[in-house]
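Grab a pencil and work through these exercises with the structure open beside you. Each one sets a task and then walks through a solution.

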Protein chains: 2
Amino acid sequence: MKIAVAGLGTVGAGTVKVLQDNADLLSSRSGRSIQVTAVSARDKSRDRGVPLDGYAFFEDAVEMAAKADADVVVELIGGENGVAKDVVEAAIKSGKHVVTANKALVAHHGTALANAAEQAGVTLNYEAAVAGGIPVIKSLREGLAGNKLSSVYGILNGTCNYILSRMRNEGLDFAEVLDDAQRLGFAEADPSFDIDGVDAAHKLAILASVAFGRNVDFGSVYIEGIRQVSQLDIQFAEELGYRIKLLGIAAETDHGIEQRVHPCMVPDSAPIASVEDVFNAVVAEGDQVGTLMLEGRGAGAGPTASAVVGDLVDIARGISLPTFGIPVGDLRAAEPASMDRHFGAYYIRLTVIDEPGLVADVAAVLRDNDVSMESILQHGRDPGEQVSLVMTLHETEELRMVSVVDAIADLKGVVERPVMIRIEDF
Amino acid sequence: MKIAVAGLGTVGAGTVKVLQDNADLLSSRSGRSIQVTAVSARDKSRDRGVPLDGYAFFEDAVEMAAKADADVVVELIGGENGVAKDVVEAAIKSGKHVVTANKALVAHHGTALANAAEQAGVTLNYEAAVAGGIPVIKSLREGLAGNKLSSVYGILNGTCNYILSRMRNEGLDFAEVLDDAQRLGFAEADPSFDIDGVDAAHKLAILASVAFGRNVDFGSVYIEGIRQVSQLDIQFAEELGYRIKLLGIAAETDHGIEQRVHPCMVPDSAPIASVEDVFNAVVAEGDQVGTLMLEGRGAGAGPTASAVVGDLVDIARGISLPTFGIPVGDLRAAEPASMDRHFGAYYIRLTVIDEPGLVADVAAVLRDNDVSMESILQHGRDPGEQVSLVMTLHETEELRMVSVVDAIADLKGVVERPVMIRIEDF
């Protein structure tokens, strides 16, 4: 089987290296040899730590996708549009299978690309696009094929998990850890895709499509990042028996498919609470299997190459499945559930100054909105000093909580808009 | 695709129910309908909570395997020999694919059955045989196909993990928890297969074959169960920052393939330490992916049916892989490593009476065997009273440790043979 690799960054070079180093093993597993025949990058001369002699070199990746002597094109350029999309479309059009690690591309154009692949009779694999080396697409699409899934959720962004882990372990503020993470290479120079939750949302939209047999619907993902997570909230979480994690959660609800990415408080006894640093984890809830959790490295050359080569071995073995597990024509509409209808428990933190009757006023707001308190926490204060007043609230609708927060923000003695963090009681 | 189900216990009835309840979903995912056509059990009249009308009923499962109008035979009878083996052999002989949940059968006869299936051009799937609903065979055989694996290990027996979890959480002794587990249905009336480590060893032998491309070699698995784990050791483990788990561990070493099942001390910060109660977990270490952990339910009707139906959907989709990931002719010899050559860290607990110079004598034994101490722990004692003296020892060879324990057992003041538990520093 002949492979053309578009993009020779760390992941591209790493993939070529695995195909070279593990060649015998791969051909024994695949029943045929897997050979790189063509590569494409902007700069031919750069040393990438892997021999590229004997491969056709293309400066134009789209040209390679269309014309190279290859059965499969591996797209490792990245980006939701532009060259990456052109490469994948050209490969499909010329009857080549595609393996991609491009989450933005699949999240934005997944259904259309799946349709094109189906029409052309080629396979579109993208295991590396979600949670790096964790075989989560394979597990959902094949291993759990006997299940109706009710939800799939996880820690989908290693940068955020690394930052939150260090904030908790070292008592540092977000900005300090982000600076350090950038210095150490765990966060990009422009970190917004990661820390604002967009990267996790891309992955979540793909997971939701596979789990529920729906069109990919990135536009409906509710997204909040971790910039607003404060050291104070991390400490209160700890005191309440929770940890703060950025989760992507997709669930079938009575109102449609809920897709949301935001900081969550999870019980510290939940397996996902122990997933630390750059590790990713995905949990699926199935009607037969119950709870299944997969944990591993979500990024980096090795884990990404592991997923890409796994996809290639599948193709070499003749395994070809519908992109999202069922034929494109069978995918149902996305039916997004409004975040207003989200039903869950909440943590709120008020900054208040000593004011007689304040707790009574807050309690009245809760009563008027039919929201009931589970616990309340306030440490000693001196008169006139600002202090945090923390509450956890029993399950209610998001829309009610927004009213509660609006009303509390207006109370005399409440200094700033209350912080609200959703609680997930896994 | 037509299915014949041999064995209608909870798992068999559960599998039939999933095939009925999720029929539309399964045919959308498979691209064809999956229909039960025949079933077999000893007693036709028993109510199994699932309608069986319209299925051919066979009292003789072997006859069904040979003669039923079916493309696939699902073997859910169990047992390493006898009817289960005859059923699988008859099915293969008559050109039917086989799906089985039978770990004993695959552990004892895996290579021979794989060879028979390969000769007959049929598929032999057994996802449910290892770790129940966790898609671990699929992950190793397909998802991680790009990796050279160096080790695979896990919590492979839910009964043992349940007992050890309760011993730790409730401070109870082994016998008490076992009694209660039997009463609650978490342990069998004859629990020896579980608590003596045989069931975990069956699963480990299968994992090792898939991970390393070797003949299945159950006979070479070193096996120790959990009967000897005492409350005292659980408490000392806690004090030292460890938890005691029954692990199955397979690894490539310089001396061959190590396969061992025994109680281990694992750091309480290791992800596998947090896998509690009846949950199973499997960890794979690959040259590309790094550490991957899969955690879920390892037994019960739902999880087992999930794995069985996943295997059926694979066959319906036309996915047919060599049983252990590569053709039988490519499987290398098992090359077992002797347990004497195992290299690792150790915990030992001595029961001693106050004796001047005892610690010096113990230290001399360690020195003479070139074993070095990492830590020593002893709580206050009254003169003449028996007391525990606990040590952790740096990595050394098992053979040396056996000499150390023999020599210490002979020392004056040492009351009984020291307890030795291996430490795994994941």
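**Exercise 1. Work out how strand S5 of chain B pairs with S6(B), and what packs on their sheet.**

This is a predicted model, so read everything here as computed from it.

Step 1. Start with the pair itself: S5(B), residues 97-100, runs parallel to S6(B), and two bridges connect them. To find one matching position, look at Val98(B), which sits opposite Leu124(B) in S6(B).

Step 2. Now zoom out to the sheet. It is open, with six parallel-paired strands in chain B, ordered S3-S2-S1-S4-S5-S6. S3 (56-58) and S6 (124-125) of chain B are at the edges with a single partner strand each, so one side of each has no neighbour in the sheet.

Step 3. Add the helices. Helix H1 of chain B (residues 10-21) packs on the sheet and touches S1 (2-6), S2 (35-40) and S4 (72-75) of chain B. The direction of H1(B) makes about 160° with that of S1(B). Helix H4 of chain B (residues 82-93) also packs on the sheet, touching S1, S4 and S5 of chain B, and its direction makes about 170° with that of S4(B).

**Exercise 2. Find the partners of strand S13 in chain B: which residues face Thr351(B) and Tyr347(B)?**

Step 1. Take S15(B) to begin with. S13(B), residues 343-353, and S15(B), residues 386-397, pair antiparallel over ten bridges. Within S15(B), Thr351(B) has Ser388(B) as its bridge partner.

Step 2. Then turn to S16(B), residues 419-423. S13(B) pairs with S16(B) in the antiparallel sense too, over five bridges. Here Tyr347(B) stands opposite Ile421(B).

A handy reminder: strands of a sheet pair through backbone hydrogen bonds, in either a parallel or an antiparallel sense.

**Exercise 3. Describe how helices H5 and H10 of chain B pack.**

Step 1. Get the geometry. Two packed helices are described by the angle between their axes and the distance between those axes. For H5(B), residues 103-120, and H10(B), residues 198-212, the angle is about 50° and the axes are 9 Å apart.

Step 2. Classify the angle. H5(B) and H10(B) are therefore oblique to each other. The crossing of H5(B) past H10(B) is left-handed.

Step 3. List who meets whom. H5(B) brings Lys103(B), Ala104(B), Val106(B), Ala107(B) and Gly110(B), while H10(B) brings Asp199(B), His202(B), Lys203(B), Ala205(B), Ile206(B) and Ser209(B). Sorted by class, this contact of H5(B) with H10(B) holds five nonpolar, three polar and three charged residues.

**Exercise 4. Get an overall picture of chain A, then look at its sheet of six strands.**

Step 1. Count the elements: chain A has 14 helices and 16 strands. Its radius of gyration is 24 Å, close to the 22 Å that the globule rule gives for 426 residues, so chain A is as compact as a globular protein of that length. Along the principal axes, the C-alpha atoms of chain A fill a box of roughly 80 × 45 × 35 Å.

Step 2. Trace the sheet. In chain A the six strands make an open sheet with parallel pairing, in the order S3-S2-S1-S4-S5-S6. S3 (56-58) and S6 (124-125) of chain A are the edge strands, each pairing on one side only.

Step 3. Check one edge. S2(A), residues 35-40, pairs with S3(A) in the parallel sense over three bridges, and Ser40(A) stands opposite Phe58(A) in S3(A).

Step 4. Place a helix on the sheet. H12(A) lies across S1 (2-6), S4 (72-75), S5 (97-100) and S6 of chain A, and runs at about 160° to S5(A).

**Exercise 5. Map where chain A touches chain B: how many residues of each are in contact?**

Step 1. Count them: 44 residues of chain A contact 44 residues of chain B.

Step 2. Ask which elements of chain A take part. H2 (23-30), H6 (136-143), S12 (290-297) and H12 (301-316) of chain A each supply at least two residues to the side that touches chain B.

Step 3. Sort that side of chain A by class: 18 residues are nonpolar, 17 polar and nine charged.

Step 4. Finish with the strands that pair across the chains. S12(A) and S12(B), residues 290-297 of chain B, run antiparallel and are joined by three bridges. In this pairing, Glu295(A) stands opposite Met293(B).

Terms used
Residues numbered from 1 in each chain as written. Chains lettered and ligands numbered in written order. Predicted model: local features only at pLDDT ≥ 70, side-chain atom pairs only at ≥ 80, totals over all residues. Contact = placed C-beta atoms within 7 Å. Helix = DSSP H or I, 4+ residues; strand = E, 2+ residues; numbered from the N terminus. Nonpolar A, V, L, I, M, F, W, Y, C, P; charged D, E, K, R; others polar. Pairing = 2+ DSSP bridges. Axes fitted to C-alpha atoms, helices over the stretch in contact; angles between N-to-C directions. Parallel < 35°, antiparallel > 145°, perpendicular 65-115°, else oblique. Left-handed = near helix turned anticlockwise from the far one by under 90°. Rg over C-alpha atoms; globule rule 2.2 N^0.38 Å.
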